[in-house]
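Let's take a walk through this protein together, from its sheet to its less usual backbone angles. Please have the sequence and the structure open as you read.

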Amino acid sequence: MDDKTKQIKCFLVTPPLLEPQTIYPAMPLLTGQLTANGFDAQNFDLNIYFFRKIFTQKFIKKVIKLLEKKSINYEKSEADFILSNIDDAIKKFRKYQQETEDFKLAKDVLCKTLEFVSKPYDNFEMNEFFGFERTFKRFNGTFESIINTVNDTDNNIFTDIFNDAVKEIKKQNVDFIGITIPFPATIIPALTFAKILKEKTNIYVNIGGNFLKKENILSNPDFLNNYCDTVMIGDGEKSLVDLVSSLQNNQDIKNISGLIFKDENNNIQCNPPKQIKTMKDIENVSFDGINFDEYMMENPWINLMISKGCYWGKCTFCSLGPKYKCYCIKKPKEVVSNIIELKEKYNLKYNFILFQDDSIPPLYLNMLADELLKQNVNINYSIFARLEKEFTKELFEKLYKSGLRYIYWGLESGSVKILEDMQKGINLEIVPEILKNACMAGISNMAGIIVNFPTETMKEYNETIEFLSKIKEYLTISPGNFTVMKNSIVEENKEKYGVKILDYNRSNFNYSPTWEYVNISDEEKEKKWIHFCDYVKGREYSIDACKII
């Protein structure tokens, strides 16, 4: 990169473990910013690369040899069954018709495959397409546990696969690689990949993502020593463009917002991030480098983010509100223009768009629907939303015509007191009518419910059950067991809410500190959670999130 005239070639990498049915939105968004500013950039989805490698007869045969080499017992009939059915299972699963028997059988084969390929790796256990946070048995949130897992190559399923990926990347003369770490389950794969890059190439490596915080790097300087050249924290859309521009032009990087780097004296410096306060300069996403046929769905859902922050931003259990002090969203006309551009550029025939924004206001949705209908854009889409009085029967009918098919509502509780403690700002009296009107318009409702909020007694819990019984015909439920989020209002006012923080250091690389209830016993917590899961199952609600923890 000494030649000032040489254009830097950039790969932006999405690591495992994320659901293989769709495209995680962070890197396409950043790729879009780079390409719009004239840089040579494309996506490299290491997540789907990983799943496509392990779902092959070649890899399964390698696992069998590894099991025999390690003298690990396995059922030969199970291995033969997987080898005989894996190719057909992928074809049937990719149709993603969840109500069919073919799909269910295909999913069963793939889940058995995930479980089987995990067997030789002592620290690795996987058997589903979600819930990857518990994949690593010895990951406890410390940097030490991460590094031990990364370096234990005999028990790191990613090492050989990522070595192959790096060989492919080297052939393409890549100069800059950005890696996102959005969730705890991605950090071990991401650092495994980064370590191989640093050992076997001269590629400049930058790591970012919402999961990483300044304190992660400052308290663990080896993060910069061994895994990357720089770390980006906060909003990266503008900072990444500045970094790549500075590297290409041999300019100093010391003033780039949100950048953590080592200065000339080998001291770690951390520039404060700048929050994006307007979406008008945020360019459209780019799927360059993405092969849509690789995903575990024939027509993968498209994830888009059209806003920053949450316009409500008051929920006491959430870490987003304190992070974003302002809310901004793209103009509806620009959003629709972006969607049309994507459909034409990538020849998207079937389009289901998942708007990943934390919540979209009803008045904005009204304008978005108008623009979609005006431009005659043929899409279906889903949103996250708050239960507000502006969601009328007429609005739902318009939204359905514009393509809205699914709403995830942040209901959280059926108790007035708990909603007040959560600062949800929801009037329970209007909720049944809103859900009914959405349902009648043809829109599916799912509501998130949090059990065991720290101030929830059995009285409030029973109020939630009673309320849900009144609205059960209009929705499915996504259950969640409460946990303290870092930087949330609950954490910052722990005594008020009845939680005790036990140890921050041992959960440095987790979303949640190590904590316990003050006023709720483990027995009561477990009793409510098990009862709620049983309640949800009994009413045939969605129970994907139902895992006893």
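The report below covers a sheet, a helix beside it, a buried lysine, the nonpolar cores and a few backbone features.

## The parallel sheet

Please keep in mind that this is a predicted model. A good place to start is an open sheet of six strands, paired in parallel and ordered β8-β11-β12-β13-β14-β15. The edges are taken by β8 (302-304) and β15 (476-481); each has a single partner strand, so one side of each is left without a neighbour in the sheet. On average, neighbouring strands are turned by 20 degrees against each other, direction ignored.

Moving inward, strand β11 (residues 352-355) runs parallel to β12 and is joined to it by three bridges. Phe352 has Asn380 of β12 as its bridge partner. β12 itself is mostly covered, with five of its six residues buried. Further along, β13 and β14 pair in the parallel sense over five bridges, and Tyr408 finds its bridge partner in Met446 of β14. Helix α15 packs on the sheet, where α15 touches β12 (380-385) and β13, and its direction makes about 130 degrees with that of β13.

## Helix α17 and its buried face

Which residues of helix α17 (residues 431-440) are buried? They are Val431, Ile434, Leu435, Asn437 and Ala438. Looking down the axis of α17, you will find these buried residues within an arc of 160 degrees, so they line one face of the helix. This fits a familiar rule: an α-helix has 3.6 residues a turn, so residues three or four places apart point the same way.

The buried residues of α17 pack against two strands, β13 (404-412) and β14 (444-451), and against the helices α15 (393-402) and α18 (458-471). After α17 comes Gly442, whose phi is positive, near 100 degrees.

## A buried lysine

Now for a charming detail: Lys424 lies in the loop between α16 (416-422) and α17. Is Lys424 buried or exposed? Its relative accessibility is 5%, below the 20% cut-off, so Lys424 counts as buried. The side chain of Lys424 reaches the backbone oxygen of Gly410 at 3.0 Å. Beyond residues up to four places away in sequence, Lys424 touches Trp312, Cys315, Phe317, Arg386, Gly410, Leu411, Glu412 and Leu419.

## Two nonpolar cores

The largest nonpolar core has 147 residues, and Leu191, Phe193, Phe355 and Phe532 touch the most other members. Helix α8 (residues 184-200) gives the most to this core, with nine residues. A second, separate core has 20 residues, among them Cys10, Leu247, Ile253 and Ile256.

Phe193 deserves a closer look. Leaving aside neighbours within four places in sequence, Phe193 is in contact with Val13, Leu46, Phe162, Ala165, Val166, Ile169, Ile177 and Ile179.

## Backbone features to look up

Most residues other than glycine have a negative phi, and most peptide bonds are trans. Here are some exceptions. The peptide bond from Pro16 to Leu17 is cis, with omega near 10 degrees, and Leu17 sits in the loop between β1 (9-14) and α1 (26-36).

Tyr96 has a positive phi near 55 degrees and belongs to the loop between α4 (76-93) and α5 (101-118). Asn347, with a positive phi of about 50 degrees, is found in the loop between α13 (332-345) and β11. Tyr96 counts as buried at 18% relative accessibility, whereas Asn347 counts as exposed at 51%.

Technical notes:
Residues numbered from 1 in each chain as written. Predicted model: local features only at pLDDT ≥ 70, side-chain atom pairs only at ≥ 80, totals over all residues. Heavy atoms only, no water. Buried < 20%, exposed > 50% of the residue type's maximum accessible area, 1.4 Å probe, protein only. Helix = DSSP H or I, 4+ residues; strand = E, 2+ residues; numbered from the N terminus. Arc of directions from axis to C-beta. Contact = heavy atoms within 4.5 Å. Core = buried A, V, L, I, M, F, W, Y, C linked by side-chain atoms within 4.5 Å. Polar contact = N/O pair within 3.5 Å; in protein donor to acceptor, adjacent residues only side chain to side chain. Pairing = 2+ DSSP bridges. Axes fitted to C-alpha atoms, helices over the stretch in contact; angles between N-to-C directions.
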